[in-house]
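Trainee: I'm new to this one and would like a close look at a single part, the place where the ligand sits. Could you walk me through it?

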Amino acid sequence: MKYLVTYLSHTGNTRKVAEAMFDALPGEKIIKPIEEVVTLDGFDIAFVGFPVMQFSPPRAAREFLKNHAAGKKIAVFVTHAMPTGSDDLGQQSMLAKELEKCRSACIKSDLLGLFHCQGELSEKSANELMASNIAMLMEFAAMRPLTAGHPDQGELELARSFALAVVSASC
Ligand SMILES: Cc1cc2nc3c(=O)[nH]c(=O)nc-3n(C[C@H](O)[C@H](O)[C@H](O)COP(=O)(O)O)c2cc1C
């Protein structure tokens, strides 16, 4: 089996998850940023990661999935600012909608699984969101303290387990 781990990451969170998954995978494997991937041909499973931006997969990730991942076996991993274990129904519903959009972007692929976890909002990102004047993005900026330290060691361990579970399920 040959695996590709590829990711889009502006501030390093999704890259950390990618590296954890890559470390856990057995056998032949390659890790590369999305912009360096020419084709998914030749890989048995591609692990494709990106951050949620403005409630959706970023355009570069959507285009990558559309152009390269149709008909391919993929597993997706996503980082976002939303807390995962929140009791807040509004936050739960927002996160569910974001993840649904991530799934929809993979509709033409054979999606083997979707992993997600929180990713720290950098100070620069929070300032940009605050400057957007879009109320919901400004709310994300205000959540910055809740995102500190993510993905944490526990989440990276879950990412490793996810990668192994995808592999075992497809053997
Ligand atoms: C411009 C911008 C928009 C964002 N929009 C969202 C969003 O809509 N929902 C969300 O949960 N997180 C949002 N985030 C938070 C990022 O998804 C999160 O910090 C992610 O872990 C960043 O990953 P990276 O370090 O791999 O780029 C946004 C961040 C930025 C900078």
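Mentor: Here is a walk through the ligand site, from its surroundings to the pocket and then to two backbone details.

A word on the basis: this is a predicted model, where local features need pLDDT of at least 70, side-chain atom pairs count only at pLDDT 80 or more, and totals for chains, interfaces and linings use all residues. Residues are numbered from 1 along each chain as its sequence is written, and side-chain values use heavy atoms, with hydrogens and water left out.

Let's start with the shell around the ligand, which has 22 residues (a residue is near if one of its heavy atoms lies within 4 Å). S9, T11, T14, V52 and F55 come nearest. By type, the shell holds nine nonpolar, eleven polar and two charged residues; here Ala, Val, Leu, Ile, Met, Phe, Trp, Tyr, Cys and Pro count as nonpolar, Asp, Glu, Lys and Arg as charged, and the others, Gly among them, as polar.

Now for some polar contacts (pairs of N or O atoms within 3.5 Å). T14 puts a polar side-chain atom 2.6 Å from a ligand oxygen. With N13 it's a polar backbone atom, 2.9 Å from an oxygen of the ligand. Q54 also uses a polar backbone atom, and its partner is a ligand nitrogen 2.9 Å away. On its own the ligand has 650 Å² of accessible area, and the protein covers 94% of that (Shrake-Rupley method, 1.4 Å probe).

The space taken by the ligand is the largest pocket. A pocket here is an open set of points on a 1 Å grid over the protein atoms alone, where a 1.4 Å probe fits, with protein on both sides within 12 Å along at least five of seven lines; lining residues have an atom within 4 Å of a point. A molecule sits in it if more than half of its atoms lie within 2 Å of its grid points. Of the 25 lining residues, V52, M53, L121, S125 and L129 are closest to the centre. The largest share of the lining, four residues, comes from α4 (helices are DSSP runs of H or I, at least four residues; strands are runs of E, at least two).

Back to Q54: it lies in the loop between β3 (45–51) and α2 (59–68), and has a positive phi of about 50° although it isn't a glycine. Finally, a cis peptide bond joins H150 and P151.

Methods: A polar contact is a pair of N or O atoms within 3.5 Å; within protein, one must be able to donate a hydrogen and the other to accept it, and residues adjacent in sequence count only if both atoms are side-chain atoms.
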